[in-house]
Structures are given as C-alpha cells and as structure tokens.
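Biologist: I am new to this structure and should be grateful for a close look at one part of it, the packing of its helices. Please then place that part among the other local details of the chain.

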Amino acid sequence: MKFDIVTIFPRMVEAGLAEGVVSRGIERGILSVQVHDLRTYTTDRHRTVDDVPYGGGPGMVMKPEPLARAVEDITQRRGTPTSVILLSPQGRRFDHAEAVRMSALPHVVLLCGRYEGIDERVRTGVATDELSIGDFVLSGGELAALVVVDAISRHLPGVVGDARSVAEDSFSRGLLDYPHYTRPSEFAGGQVPDVLLSGHHEDVRRWRKMASLRRTLERRPDLMNIASLDDEGRAMLDEIRNEQERKS
Ligand code: SAM
C-alpha cells in the first residue's frame with residue numbers, strides 16, 4: 001500500500017515512521033510511505049505556504065496552490081491516488097472500521113494542515129475525503145497522519161508479526177480486548193488469575209472471552225449493541241448480566 005504525506009514538517013513525520021511496526025512494514029516492502037515537504041511546491045523566494053484570512057481575524061490560512069501542486073506531482077510520480085484525505089477536526093471520525101476499510105485502498109494521500117487550517121477550496125477541489133482522529137484540536141495534521149498510517153498498517157498482512165494479535169485486538173470482534181498478564185505471577189499485591197497459569201487452553205479461551213465481554217459491558221456498553229456474538233457469547237453475556245443483577 002502506498003501513502004504520501006504532505007506537510008510543512010517532514011522531519012516530524014519521518015521520525016514517527018522510523019520505529020516500530022510501521023517501519024517494519026516499510027522495510028518488508030508491504031508499505032511505501034513518502035513524505036513531501038510542502039515548501040518545495042511554493043514558487044516564491046520565501047517559500048510561503050500561508051497567508052492572512054480573507055475577512056480578517058486571527059491566525060493564518062494555508063494557501064491552496066502549493067497543496068494542489070503537491071497532489072499533482074504525487075499523481076504524476078506515484079500514480080493517481082485512490083483517496084486524497086484532508087486531516088481536519090471537522091472531518092468524518094476515523095475509527096477501527098475506517099482503518100479496516102482503508103487498508104484495502106492501494107494509494108492514499110494525506111494532507112496535513114497547520115495554523116487556522118487549509119483554504120476551503122482544497123477541501124472542495126483537491127481532497128476526496130476529510131478525516132478527524134477525534135473531537136479535539138491538534139496544532140497540525142502530522143500526528144493525525146501518523147495515527148491514520150499506523151492504524152491502517154496493522155491490517156496489512158505481514159506488518160504485525162502475528163496476525164492473531166490484530167484479530168484479537170479491541171474492536172476487531174466488536175469488543176474490547178481481554179486483560180493481559182506476563183511474569184511475574186505476583187506483582188504489587190496483584191495475582192495472575194489461576195486459569196492463565198493452568199495450561200488448560202480451552203479454559204483460558206473461555207476466560208478470555210468472558211473477560212472481554214465483561215470489560216466491554218462495563219466500559220463501552222455502546223459497543224454491545226453492535227457486537228455480533230455467537231451462541232456461546234450470548235450465553236456468557238446472560239451469565240454476566242445475571243451475575244450483575246444478583247450483586248445489585
Ligand atoms: N481552525 C480549525 C478548526 O477549528 O477546525 C483547526 C485548525 S488546527 C489548529 C490545524 C490543523 O491541525 C488542521 O488543519 C488539521 O490538519 C489538523 N488537526 C487538528 N485537529 C485534528 C483532528 N482532530 N483530526 C485530524 N486533524 C486535525
């Protein structure tokens with residue numbers, strides 16, 4: 001899968017791509033990520049990427065021409081992208097389902113804003129989509145772009161060492177992940193549940209499924225409405241609810 005990231009802070013993005021799972025995906029040739037310095041698409045001596053807002057008011061606005069030129073150049077050198085995404089707090093919310101859907105796209109361009117944001121005509125005339133990573137405002141789209149690349153990359157076969165990790169992660173089955181433990185078996189007064197030390201695979205599987213359901217019900221009951229449970233899952237859920245009723 002190809003990603004092209006357009007930013008005024010290329011080193012910030014490159015640093016985030018240089019370690020961990022994403023860098024392994026790049027080394028293995030599963031991912032091709034190019035970072036483009038927006039200033040190379042300016043035409044004036046000062047390499048200007050921003051200007052004052054029409055109508056007045058605080059801050060600066062990112063000019064449309066350098067961004068449009070960047071996308072044209074990427075198209076010529078790397079092929080027509082499937083999606084040109086504007087990172088913006090006003091965009092559609094990026095979530096697990098979106099990460100899975102986008103992992104099937106061959107080529108995604110990510111445009112990082114700064115200042116007050118990007119001239120509106122980039123949204124209407126250059127971008128094909130607008131994504132937000134949450135209801136808060138970042139100072140720039142660079143961290144958002146790294147979040148999007150990381151979350152999508154995990155769904156590309158071969159990027160995460162063991163595919164079972166991704167399949168069992170929170171949201172994959174519509175539920176939160178179960179709690180994890182490693183050695184030592186006792187720490188800070190907390191014991192690892194006996195079942196995980198038992199070596200009994202079927203008991204461990206059942207405990208984890210139950211823990212996953214319990215945790216989702218406690219922390220994110222909204223997810224329970226959309227989780228698709230099998231017969232065993234539904235029976236476990238009844239058991240947990242009965243347990244909770246008995247306690248209350
Ligand atoms: N004035 C804009 C607004 O209120 O909608 C916020 C601009 S913000 C300071 C600068 C840039 O950071 C945005 O253009 C966008 O690229 C990025 N950004 C900020 N918050 C974001 C979020 N939640 N998701 C994705 N990108 C975000």
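Modeller: The account below begins with the basis of the model, turns to the helices, and ends with single residues.

This is a predicted model, in which local features need pLDDT of at least 70 and side-chain atom pairs count only at pLDDT 80 or more, while totals for chains, interfaces and linings use all residues. Residues are numbered from 1 along each chain as its sequence is written, and side-chain values use heavy atoms, with hydrogens and water left out.

The chain falls into domain 1 (2-153) and domain 2 (186-247), with bounds that come from an automatic or database domain assignment. Taken over C-alpha atoms, the centres of domain 1 and domain 2 lie 40 Å apart.

Two packed helices are described by the angle between their axes and the distance between the axes. Here axes are lines fitted to C-alpha atoms, for helices over the stretch in contact, and angles run from 0 to 180 degrees between N-to-C directions. Helices (H or I, at least four residues) and strands (E, at least two) are DSSP runs, numbered from the N terminus.

The close look starts with α9 (residues 201-219) and α11 (residues 231-247). These helices pack at an angle of about 60 degrees, and their axes are 10 Å apart. That angle makes α9 oblique to α11; angles under 35 degrees count as roughly parallel, over 145 as roughly antiparallel, 65 to 115 as roughly perpendicular and the rest as oblique. The crossing of α9 and α11 is right-handed, a term used if the near helix is turned clockwise from the far one by less than a right angle, whereas an anticlockwise turn is left-handed. On the α9 side, the contact (heavy atoms within 4.5 Å) is made by R205, R206, K209, M210, L213, R214 and L217. These residues meet E232, G233, M236, L237, E239, I240, R241, E243 and Q244 in α11. By class, the residues of this contact divide into six nonpolar, two polar and eight charged. In this division Ala, Val, Leu, Ile, Met, Phe, Trp, Tyr, Cys and Pro count as nonpolar, Asp, Glu, Lys and Arg as charged, and the others, Gly among them, as polar.

A second pair is formed by α1 (residues 10-17) and α6 (residues 142-153), which pack at an angle of about 30 degrees with axes 10 Å apart. The helices α1 and α6 are therefore roughly parallel to each other, and their crossing is right-handed. M12, V13, G16 and L17 in α1 meet E142, L143, L146 and V149 in α6. The contact of α1 with α6 has six nonpolar, one polar and one charged residues.

Attention now passes from the helices to strand β2. H36 has its place in strand β2 (residues 32-37) and counts as buried, at 5% relative accessibility; buried means under 20% relative accessible area, exposed over 50%, and partly exposed in between (1.4 Å probe, protein chains only). With neighbours within four places in sequence left aside, H36 is in contact with D4, I5, V6, T7, Y41, I74 and R77. D37 also lies in strand β2, but D37 is partly exposed, at 22% relative accessibility. Apart from neighbours within four places in sequence, D37 touches T7, I8, P10 and R47. D37 and F187 are 150 residues apart along the chain, and their C-alpha atoms are separated by 48 Å.

Some residues in loops have notable backbone geometry. Most residues other than glycine have a negative phi, and most peptide bonds are trans. R47, in the loop between β2 and β3 (50-51), has a positive phi, near 55 degrees. Y115, in the loop between β6 (107-111) and α5 (120-125), has a positive phi of about 55 degrees although Y115 is not a glycine. The relative accessible area of R47 is 37%, so R47 is partly exposed, and Y115 likewise counts as partly exposed, at 37%. The peptide bond from R183 to P184 is cis, with omega near 5 degrees, and P184 lies in the loop between α7 (163-168) and β8 (186-187).
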